[in-house]
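Student: I've got a model open and I'd like to talk through how its helices and strands fit together. Can you take my questions one by one?

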Amino acid sequence: MAICSATAAPAWPSLPALTGAVLEAAATATGLRRVIAIEPPKAAMPAHVTINDWAGALAQGGRQSGDPAAGSRAIARDALACLIYTSGTGGAPKGVMLSHRAILHNCVGAYRLLLELGLGDEVFLSFLPLSHAYEHSCGLMFPVSIGAQVYFAEGVESLSSNLVEVRPTIMTSVPRLYEVMRQRILLGVQRAGGLKARLFQRAVALGRQHYEQPLSLSPLDHVLNRVLDRLVRAKVRARFGGRLKAMVSGGAPLDYEVGLFFTALGLRLLQGYGQTEAAPVVSCNPPSRVRLETVGPPLADVELRIAEDGEILVRGPLLMDGYWNQPEITAQTLKHGWLHTGDIGVIDDGGFLRITDRKKDIIVLSGGDNVAPQRVEGRLCLEPEIGQAYVAGDRRPHLVALVVPSDAFIDQWAIANRQPADLAILSADDRVHDAIGQAIKRVNRTLSVIEQVKRFTIADAPFTVANGMMTPTMKIRRHTIRDHYRERLEGLY
């Protein structure tokens, strides 16, 4: 395996800052004996710690004699492989104990799943932090297990150029990234206008029809669809490097419209589902039988069951051994061999799992109606004016929302109205509120009465990892947002 071009994304600490924090902690670890540094560390290390540079470590490894795999064969499959802390969207993070058995089960399951794609010399573009179970298993351990190349993206803003540079064959990421990429593509089409825009829209429409109602395409539609594949879809695929076999989405629910958008443009998007406690992959759509509205059937040797209250239960060799030093919480989560996921879902007749919401996130309106906020938030974020959204309304008569306008909308509005592109300033402008309000009205027309957002307010700043309102995998931390904006949200009623 080759690991190339490793730098930190802007959403996380810079490389020097991260190095300083790691070395400071390492200096206090009495059992530490060696540090391998890609760049010379500036901080002084204790006398008992040996510092090796990257080139020296590679040279030393090449001089090793004997069987390099002998040590690994002595490790029991059930032995603890790693501790991974959950993102903590609903509270304090917990240390998940994952065995070699659990991680290997995920690797084997992914291998069987992707065999349909004709696995060969695969190239992965890694975007998410490796401290997250999704990227740890799917973006590192699985590529290692099949001898693939792994490239690390330079950051969010560099992702487009990294895709063209690396030309990955497989890409794993979270729904938020695909939402952002969709918005950027649509913005580019809007700016191009004219014939290019019309051809693009026709390609998406025909691609959608081909997925949802393939038998409804006329002979002329089939011919036009093939022409548009060369004129439009081939150019889109080239922007993703030109050799993508599949993009995999996990870590949070993917909106159906986002999945359909990329599918209509000829990019295979496989949605999966999992949790850190399951190493983390539980299920995924197989390439030959994609159902965009689902997260696919379970991996081999994984059992799924839906509890009486709708909660998804999981059993199999992929499960964690428990939470580090938290036996009581472990007993609440693992019951009789079943992982209680906290997610609500249904299993269709074909064995495919569909996630409807988080058990703890369900909003119960004062009239007794249950609303899944993630569904509403996902719809809101499809509008070009809206970048992020948080929906509230528990024990209230209707829903309200906290909205972060999209960067593209802010930039366009600022230029058109000769205002600084500053959210703090623009959020107080009534005309900005009117534009966001029109976007919400469009969304409300697609929702049931109980799902509609009646009032909204604009956030002071985007939800980010740095301000604690997002996890490293770009899921919003509901409790943090709720606590920070509690007064403004209650003022909407």
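Student: Which handedness does the crossing of α7 and α10 have?
Tutor: Keep in mind that this is a predicted model. Helix α7 covers residues 175–192 and helix α10 covers residues 256–264, and their axes lie 10 Å apart. Where α7 passes α10, the crossing is left-handed.

Student: And are those two helices parallel, perpendicular or oblique?
Tutor: They pack at an angle of about 55 degrees. Roughly parallel would need an angle under 35 degrees, and roughly perpendicular starts at 65. That makes α7, relative to α10, oblique.

Student: How many charged residues are in that contact?
Tutor: On the α7 side you'll find Y178, E179, M181, R182, I185 and L186, and they meet E257, V258, F261 and F262 of α10. Sorted by class, seven of the contact residues are nonpolar and none is polar. That leaves the charged ones, and their number is three.

Student: What about α7 and α8: how many nonpolar residues does their contact have?
Tutor: Helix α8 spans residues 194–212, and its axis comes within 7 Å of that of α7, with a crossing of roughly 140 degrees. That angle makes α7 oblique to α8. I185, L186, V189 and A192 from α7 meet G194, K196, A197 and F200 from α8. One contact residue is polar, one is charged, and the nonpolar count is six.

Student: Over to the strands. Why is β13 largely enclosed by the rest of the structure?
Tutor: Buried here means under 20% relative accessible area. Strand β13 runs over residues 311–315, and it is largely enclosed because the number of its five residues that are buried is four.

Student: Which residue of β13 is the bridge partner of R305?
Tutor: Strand β12 (residues 303–306) pairs with β13 in the antiparallel sense, over four bridges. The two strands form a hairpin with four residues between them, and G310 in that turn has a positive phi of about 95 degrees. Across the pairing, the partner of R305 is L313.

Student: Which residue of β16 is the bridge partner of V314?
Tutor: β13 also pairs with strand β16, residues 338–347, in the antiparallel sense and over three bridges. In β16, V314 has as its partner L339.

Student: In the sheet ordered β20-β21-β22, which strands stand at the edges?
Tutor: It's an open sheet of three strands with mixed pairing. An edge strand has a single partner, so one of its sides is left without a neighbour in the sheet; that describes β20 (386–392) and β22 (453–458).

Student: Which residue of β21 is the bridge partner of A389?
Tutor: β20 and strand β21 (residues 399–405) pair in the antiparallel sense, with six bridges. In β21, the partner of A389 is V403.

Student: What angle does helix α15 make with β22?
Tutor: Two helices to look at here are α12 and α15. Helix α12 (residues 373–380) packs on the sheet and touches β20, β21 and β22, and its direction makes about 155 degrees with that of β20. Helix α15 (residues 430–444) touches β20, β21 and β22 too, and its angle with the direction of β22 is about 145 degrees.

Student: One more sheet, β4-β5-β14. Which residue of β14 stands opposite M97?
Tutor: This open sheet has antiparallel pairing, and its edge strands are β4 (80–85) and β14 (322–323). Strand β5 (residues 95–99) is joined to β14 by two bridges. Opposite M97, in β14, stands G322.

Key:
Residues are numbered from 1 along each chain as its sequence is written. This is a predicted model: local features need pLDDT of at least 70, side-chain atom pairs count only at pLDDT 80 or more; totals for chains, interfaces and linings use all residues. Side-chain values use heavy atoms; hydrogens and water are left out. Buried means under 20% relative accessible area, exposed over 50%, partly exposed in between (1.4 Å probe, protein chains only). Two strands pair if DSSP finds at least two bridges between them. Contact means heavy atoms within 4.5 Å. Axes are lines fitted to C-alpha atoms, for helices over the stretch in contact, and angles run from 0 to 180 degrees between N-to-C directions. Angles under 35 degrees count as roughly parallel, over 145 as roughly antiparallel, 65 to 115 as roughly perpendicular and the rest as oblique. A crossing is left-handed if the near helix is turned anticlockwise from the far one by less than a right angle, and right-handed if clockwise. Ala, Val, Leu, Ile, Met, Phe, Trp, Tyr, Cys and Pro count as nonpolar, Asp, Glu, Lys and Arg as charged, and the others, Gly among them, as polar.
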